[in-house]
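Hi everyone, thanks for making time. I'd like to walk you through one model today, so have a look at it first and then we'll go through it piece by piece.

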Amino acid sequence: MKECIGMLLAGGEGRRLSPLTNNIAKPAVPFGGKYRIIDFTLSNCANSNIHTVGVLTQYNPLELHQHIGNGKPWDMDRQDNGITILSPYTAKTGGDWYSGTADAIYQNMHFIEENDPEYVLIISGDHIYQMDYQKLLNEHKVNNADVTISVIEVPWHEAPRFGILNTDENMRIYEFEEKPEKPKNNLASMGIYVFNWDVLKTYLIKDARQETSSHDFGKDVIPQLLKDGMKLFAYQFNGYWKDVGTIQSYWEANMDLLKEDCGLDLQSSNWRIYTNHTDDPPHFVSSRAIVKKSMINDGSFVYGGEITESILFRNVEVEDSCNIHQSIIHPNVKVGKNSILEKVIVMEGTNIPAGTIIRGNDEEPAVINQEMLNQSYVAMGGEK
C-alpha cells in the first residue's frame, strides 16, 4: 500500500494553443528555453516525494511519450513505482477515448487499485507552477477531508473564466460555480485535487453510470460531492501559477521568466525543474551581437544583431544584423540575416529567409512555422 499516488492528466487536445499543438500534445510544447510544459508538474511530483505517477495521455502522444521515457530525469525509473504511461485502450469489457477528466481516471482505476493508495493526487500537465504537494496533502489530513482542492486568487475581472469555489471561514467549500458571470469571490480552482481513494472510487463509479454526465470533475463529480454533504476543503496556493491555455498566455508565461522576480525560481537548488537533457555544446554569442534580458540556450549561435527580451531554445542560429524582440524561438531554428522578429513565436525546425520581417500585435503574438512561411512565399509569387 502506498500513501499517495499521482494521476497526471496530459491528454488535452489544446485547440486554443494551435498551431503549437497541431502535431504534439499540449504538455509536450516547448517552454522556457529548455523545458516542456509537463516538466513543471513532473518536477513538482519528484520534489514532493511522490514517485508513483500515472500519466494519462491521448492526443498526439508520440513526442510526449518520447520525452517522458522511463521517467529517469525525475527519478521515477524505479522497479516498484515510478512513471506509467496510461493511454486509452479497448478491452473486451469496453473502453474508448477519454470523454472527460473523471472518465480518464475511471478508465484507469485498475492502475490505482494495483497500488492501493490511501490518497490520490489528481494534477494537470499543462500548468506552469512550483508547488509542494506534501503541504497540500498535510492540509487534507489535518481537515480530515474527503476532498481538498487547491485554489488561487485570480484578478476579479478574470474570475468568470474559472471554476470558483465559495468557502466558509474555515476554508470548507459549500458551493462550486463553473465560470460564473458574477462570481462571489475570486478563489479559482487550479484543477489540483487530493481525494481519499475510497471516496474517489465510489464517485467515479457513480458518475460513470450517469448517462447525462459529461464525466468531468468540475462540472459533475465535485457538484455531486457537495450535494451529498461530503467534506470538501480549499487549500490556498500563493505562488506563481499560469494556465498556458492560449497563445497569449503561453507567450506571457515565457516572458515572465525574464523578469527579475516573477515568482518562479528556476535557479533553486532545492526545487529544481528537471527535464530530458540533450548533449548540445555551449551557446556562442559573437562580439557583433547585443543580447539584453534574454535566455540563450545550449547549441545556439548568435553571429550578430540585437536580441532583447527573448528566449532562444537549443540549436538556434541567428545570422548577422537581425533584430529579435520579445520573441520565443523554438529548437533548431535558423534566422537569416537582416530579419526582424517582434513578438513572434517561431516553431521548431523553421528556416527564416534573410530579410524577413514579422511582427505580432497587442492582442496576440504571431506564430510561424515552415509551412506558413512556404505558403506566404508562394502567395507572393515565388516558386516552391
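**A walk through the model**

Let's start at proline 19, which sits in the loop between strand E1 (4-10) and strand E2 (30-31). A word on the names: helices (H or I, at least four residues) and strands (E, at least two) are DSSP runs, numbered from the N terminus. The peptide bond leading from serine 18 into proline 19 is cis, with omega near 10°. For background, most peptide bonds are trans, and most residues other than glycine have a negative phi.

Before going on, the small print. This is a predicted model, where local features need pLDDT of at least 70 and side-chain atom pairs count only at pLDDT 80 or more, while totals for chains, interfaces and linings use all residues. Residues are numbered from 1 along each chain as its sequence is written, and side-chain values use heavy atoms, with hydrogens and water left out.

Okay, the overall picture. The protein chain has nine helices and 28 strands. How does its radius of gyration fit a compact globule? With 384 residues you'd expect something near 21 Å, and the chain has 22 Å, so that agrees. That radius is taken over C-alpha atoms, and the globule rule is 2.2 Å times the number of residues to the power 0.38. If you box the C-alpha atoms along the principal axes, you get roughly 65 × 45 × 45 Å.

On burial, 54% of the 384 residues are buried. Here buried means under 20% relative accessible area, exposed means over 50%, and partly exposed is in between (1.4 Å probe, protein chains only). As for contacts (heavy atoms within 4.5 Å), take those with a separation of 6 or more: 56% of them join residues 24 or more positions apart.

Now, helix H1, residues 38-47. How many of its residues are buried? It's 10 of 10, and the list includes Asp39, Asn44 and Asn47 along with Ile38, Phe40 and Leu42. After H1 comes asparagine 49, with a positive phi near 60°.

Two of those H1 residues come up again with tryptophan 271, which is in the loop between H8 and E14. Leaving aside residues up to four places away in sequence, tryptophan 271 touches Asn44 and Asn47, plus Ser48, Gln130, Met131, Asp132 and Asp265. Tryptophan 271 counts as buried, because its relative accessible area is 16%. For scale, tryptophan 271 and valine 346 are 75 residues apart in sequence and 29 Å apart in space, C-alpha to C-alpha.

At the other end of the accessibility range we have glutamate 169, in the loop between strand E9 (163-167) and strand E10 (173-178). Glutamate 169 is exposed, at 73% relative accessibility. Glutamate 169 and lysine 26 are 37 Å apart, C-alpha to C-alpha, with their positions 143 residues apart in sequence.

On to the salt bridges, meaning a side-chain nitrogen of Lys or Arg within 4 Å of a carboxyl oxygen of Asp or Glu. The structure holds 13 of them, and I'll pick out three. One joins glutamate 158 and arginine 161, at 3.4 Å, N to O. Both partners are partly exposed, glutamate 158 at 25% and arginine 161 at 48%.

Another is arginine 314 with aspartate 280, at 3.9 Å, N to O. This pair links distant parts of the chain, 34 residues apart: arginine 314 is in the loop between strand E19 (311-312) and strand E20 (317-318), and aspartate 280 is in the loop between helix H8 (247-256) and strand E14 (284-285). Arginine 314 is partly exposed at 27%, whereas aspartate 280 is buried at 18%.

Then there's arginine 288 with aspartate 320, at 3.1 Å, N to O. Arginine 288 is in the loop between E14 and strand E15 (289-292), aspartate 320 is in the loop between E20 and strand E21 (323-325), and so the pair ties together parts 32 residues apart in sequence. Aspartate 320 is partly exposed, at 29%.

Last, some backbone oddities. Back in the E19-E20 loop we find asparagine 315, a non-glycine with a positive phi near 55°. Asparagine 315 is partly exposed, with 24% relative accessible area. Aspartate 116 also has a positive phi, about 50°, without being a glycine. You'll find aspartate 116 in the loop between helix H4 (109-115) and strand E6 (119-124), partly exposed at 40%.
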